[in-house]
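I opened this one to follow the strands, the core and the charged pairs. My notes follow in the order I looked things up.

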Amino acid sequence: MTGTKIRKTVAATALAAIGAIALLTGCGGNESPAGGSPSNQATIAGVAPSSTKPSASASEPKTAPDAATIAKALQAASVGHIKSLWTYTEDTDPNNLIGRPGGYTSATFAYDNRVPDCKAKPDSMCGAQVEQFANETDAKRRLDYIAGIYKAAPILGTEYLTVEGSTLLRVTGELKPSVNRAYVTAFKAALSK
């Protein structure tokens, strides 16, 4: 392959990765990925999903805590590894989903200092993010959307995704599966209170 063809191939690959990153960070969760199917948990990187409990029945209405409350519970359970939390507003949400149809009603990012080469900044690849939706359907749609992006563009990395009712937990795949399991345990405990 000539130098020009190599440069064009590298440039095309880079543009595809940048486009996929833009989709992941800047697009809403209203679209389902092609071939996506509803699930309570998607696991990217070959980790077996944990079991999920069914949401409360209509005869037992229960309001889930907001994303910030859940993130604080994750922080308390992290034994000092979650150093800071960022709760997004409609002005700071990088995905522009807060308050929009199909979007989340609240979202909080938790920076985990066990992620290598990360600065303490809100970036889903540097810890965990809790996204609270108006209903379970929107939460599952967002899970399927994110899982579809990672499946289509593995160069972007990995993420553990867990839905419980109307709440989505996103944990970077940079963390070990055992750390994800600890996040999921704390997440479920926060939702059961």
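**Strand pairing**

I began with S2 and S3, which pair antiparallel over five bridges. The model is a predicted one. I looked up one partner to fix the register: Ser84 is bridged to Tyr111 in S3.

Next I went to the other neighbour of S3. S3 and strand S4 (residues 127-133) pair in the antiparallel sense over seven bridges. Here I noted Ser106, whose bridge partner in S4 is Gln132.

How covered is S3? I found eight of its nine residues buried, so I wrote it down as mostly covered, with under 20% relative accessible area counting as buried.

**Loops beside the strands**

I then checked backbone angles. Val79 shows a positive phi of about 50°, and it is not a glycine. I placed Val79 in the loop between helix H2 (67-77) and strand S2 (82-87). Is Val79 buried or exposed? Val79 is exposed, because its relative accessible area is 73%, and the cut-off for exposed is over 50%.

Asn96 also has a positive phi of about 50° without being a glycine. Asn96 sits in the loop between S2 and strand S3 (104-112). I read a relative accessible area of 39% for Asn96, so it is partly exposed.

Leu97 belongs to the loop between S2 and S3. At 5% relative accessibility, Leu97 counts as buried. I also took a distance: the C-alpha atoms of Leu97 and Glu131 are 10.0 Å apart, with their positions 34 residues apart along the chain.

**The nonpolar core**

I looked for the largest nonpolar core and got 43 residues. Leu74, Val130, Leu168, Leu169, Val171 and Tyr183 have the most contacts inside it. Which elements each supply at least two residues? I listed H2, S3, S4, helix H3 (136-152), strand S5 (159-164), strand S6 (167-172) and H4. Nonpolar side chains in soluble globular proteins tend to be buried together.

I picked Val171 for a closer look. Leaving out neighbours within four places in sequence, I found Val171 in contact with Gly127, Ala128, Glu159, Tyr160, Asn180 and Tyr183.

**Helix H4**

Does the length of H4 agree with its residue count, or disagree? I worked with 1.5 Å a residue, so the 16 residues of helix H4 (residues 177-192) should span 22 Å. The end C-alpha atoms of H4 are 23 Å apart, which agrees.

I then listed the buried positions in H4: Val179, Asn180, Tyr183, Val184, Ala186, Phe187, Ala190 and Leu191. An α-helix has 3.6 residues a turn, so residues three or four places apart point the same way.

**Salt bridges**

I searched the whole structure and got seven salt bridges. I opened three of them.

The side chains of Glu131 and Arg170 meet at 3.0 Å, N to O. Glu131 lies in strand S4 and Arg170 in strand S6, so this pair ties together parts that are 39 residues apart in sequence. Are the two partners buried or exposed? Glu131 is buried at a relative accessible area of 0%, and Arg170 is buried at 3%.

Arg170 came up again. Glu159 forms a salt bridge with Arg170, and their closest N and O atoms are 2.7 Å apart. This pair links distant parts of the chain: Glu159 is in strand S5 and Arg170 in strand S6, eleven residues apart. Glu159 has 0% relative accessibility, so it counts as buried.

Which residues are linked in a network of salt bridges? I noted Glu131, Arg142, Glu159 and Arg170.

The third pair is Asp138 with Arg141, where the closest N and O atoms are 2.9 Å apart. Both lie in helix H3, three residues apart, about one turn of the helix. Asp138 is buried, with a relative accessible area of 11%, whereas Arg141 is partly exposed at 26%.

Definitions and conventions:
Residues are numbered from 1 along each chain as its sequence is written. This is a predicted model: local features need pLDDT of at least 70, side-chain atom pairs count only at pLDDT 80 or more; totals for chains, interfaces and linings use all residues. Side-chain values use heavy atoms; hydrogens and water are left out. Helices (H or I, at least four residues) and strands (E, at least two) are DSSP runs, numbered from the N terminus. Buried means under 20% relative accessible area, exposed over 50%, partly exposed in between (1.4 Å probe, protein chains only). The expected span of a helix is 1.5 Å times one less than its number of residues. Two strands pair if DSSP finds at least two bridges between them. A nonpolar core is a set of buried Ala, Val, Leu, Ile, Met, Phe, Trp, Tyr and Cys residues joined through side-chain atoms within 4.5 Å. Contact means heavy atoms within 4.5 Å. A salt bridge is a side-chain nitrogen of Lys or Arg within 4 Å of a carboxyl oxygen of Asp or Glu.
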